[in-house]
Amino acid sequence: MEIEIATIGGYEEVGRQMTAVRAGDDVVVFDMGLNLSQVLIHDNVETEKMHSLDLIDMGAIPDDRVMSDLEGDVQAIVPTHGHLDHIGAISKLAHRYDAPVVATPFTIELVKQQIEGENKFNVNNDLVKMEAGETMSIGDSGNVELEFVHVTHSIIDAINPVVHTPEGAVVYGLDKRMDHSPVLEDPIDMKRFREIGREGNGVLAYIEDCTNAGRKGRTPSESVARRHLKDVMTSVEDYDGGIVATTFSSHISRVSSLVEFAKDIGRQPVLLGRSMEKYSGTAERLGFVDLPDDLGMYGHRKSVDRTFKRIMKEGKENYLPIVTGHQGEPRAMLTRMGRGETPYEIDDGDKVIFSARVIPEPTNEGQRYQSERLLRMQGARIYDEIHVSGHLREEGHYEMLQALQPQHVIPAHQNLKGFAPYVDLAESQGYALGRDLHVTRNGNMIQLVE
């Protein structure tokens, strides 16, 4: 059976992920993501109103026209998790394929919301839920199977999908960390990865996220970030002014910890911002998290401003606003607060807790710098980097290669500079560039079995 991989997006940048695997006549597409930084550099861009070709030209979504070179039929579109760099282009591209979108329940719900917000295209693909640990047959041959393996990341319900073929398995390894003591979910299923490495013809190819490949050691557990966050929150328990916290809206484990610790120090938590309301509301509705009954979630700007007025009237010392804006996004709540565009007044000595790290990309870094400067100009005290990454460091990569023993390795989720540390790591394990270690670009094809 011929096995071919199309590296469509995410092989020259962090963002707009998309990869296709062809096994014989059957094709499985992994991820259809957005490169948000390419959108943010333009003023007032509303992607939901834009044509896919314009977004492709902007470098915002994958250029999937290379798919016409794959001689097979797409049988499934499989987003690995609900981050926009993995699902943000589904509403622009999925309608081109007569195939269902197959994902875990939380991810499917986020995809559904993306599609409902789309104004340009009618996306009528079936949305199929599949749990981690389950499998489904792909195509009519009976020889190709899709499996979901549970992984831990900075969003709940993430998986690494595996395409099982007669030639061996193709494992799509974006995005994960090896968390053996997570806050809300089960640990990463390393047992299953080791089994896949030993079954049948083993692992033909492993496509790996290289984000932290150049960082030594292992990525800490989310439970480490939780302890750090608790220490910081406890240290400001006696402060009688304003405390504001921000984190990734999609990071439900972190949001739930912030809500819990706010209660512990005698403050009423409130979630503010459209994405805060969307992600936490969805997670609670699906039963992934149990949030307090009196927790307010407000996304609409008028509702947010009304809440800010209530906080100012009843006393900032009684509340912990948990807001959007950890990357300094221009229209996010924290950025508006820094510009003085909300009824919430930041006074000298007030605390702003960034339970997030700046995504290392120039647009984000510039926006975050500006946001922090504005907050400091109002007298805010910044607590920074109370966070752990959602991506593997060096030791995690060694462990995955040892578990899977793949015949071929394909670095992803970076640019060429970002691939370099992973190439060094893989070569130290016996792989050779150009032989079984494939550094590629967007729009290329890799023929594994002819």
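**Exercise 1.** In this predicted model, find which residues Tyr-383 is in contact with, leaving aside its neighbours within four places in sequence.

*Solution.* Start with the place of Tyr-383: it lies in strand S17, residues 381-383. Next, list the contacts. Leaving aside the neighbours within four places in sequence, they are Val-232, Val-236, Lys-351, Val-352, Ile-353 and Phe-354.

**Exercise 2.** Decide whether Tyr-383 is buried, partly exposed or exposed.

*Solution.* Take the relative accessibility of Tyr-383, which is 25%. Buried means under 20% and exposed means over 50%, with partly exposed in between. Tyr-383 therefore counts as partly exposed, because its value is 25%.

**Exercise 3.** State how far apart Tyr-383 and Val-111 are, in sequence and in space.

*Solution.* Along the sequence, 272 residues separate Tyr-383 and Val-111. In space, their C-alpha atoms are 33 Å apart.

**Exercise 4.** Describe the open sheet of six strands: its order, its edges and the turn between neighbouring strands.

*Solution.* Write down the order first: S7-S8-S9-S10-S11-S18, with mixed pairing. The edges are strand S7 (135-137) and strand S18 (408-412), each of which pairs on one side only. On average, neighbouring strands of this sheet are turned by 15° against each other, direction ignored.

**Exercise 5.** Work out how S10 and S11 pair, and which helices pack on the sheet touching both strands.

*Solution.* Strand S10 (residues 168-173) pairs with strand S11 (residues 203-209) in the parallel sense, over five bridges. Within this pair, Val-171 stands opposite Tyr-206 in S11. Now turn to the helices. Helix H6 (residues 190-198) touches S8, S9, S10 and S11, and its direction makes about 145° with that of S8. Helix H13 (residues 394-404) touches S10, S11 and S18, and its direction makes about 165° with that of S11.

Note on methods: Residues are numbered from 1 along each chain as its sequence is written. This is a predicted model: local features need pLDDT of at least 70, side-chain atom pairs count only at pLDDT 80 or more; totals for chains, interfaces and linings use all residues. Side-chain values use heavy atoms; hydrogens and water are left out. Helices (H or I, at least four residues) and strands (E, at least two) are DSSP runs, numbered from the N terminus. Buried means under 20% relative accessible area, exposed over 50%, partly exposed in between (1.4 Å probe, protein chains only). Contact means heavy atoms within 4.5 Å. Two strands pair if DSSP finds at least two bridges between them. Axes are lines fitted to C-alpha atoms, for helices over the stretch in contact, and angles run from 0 to 180 degrees between N-to-C directions.
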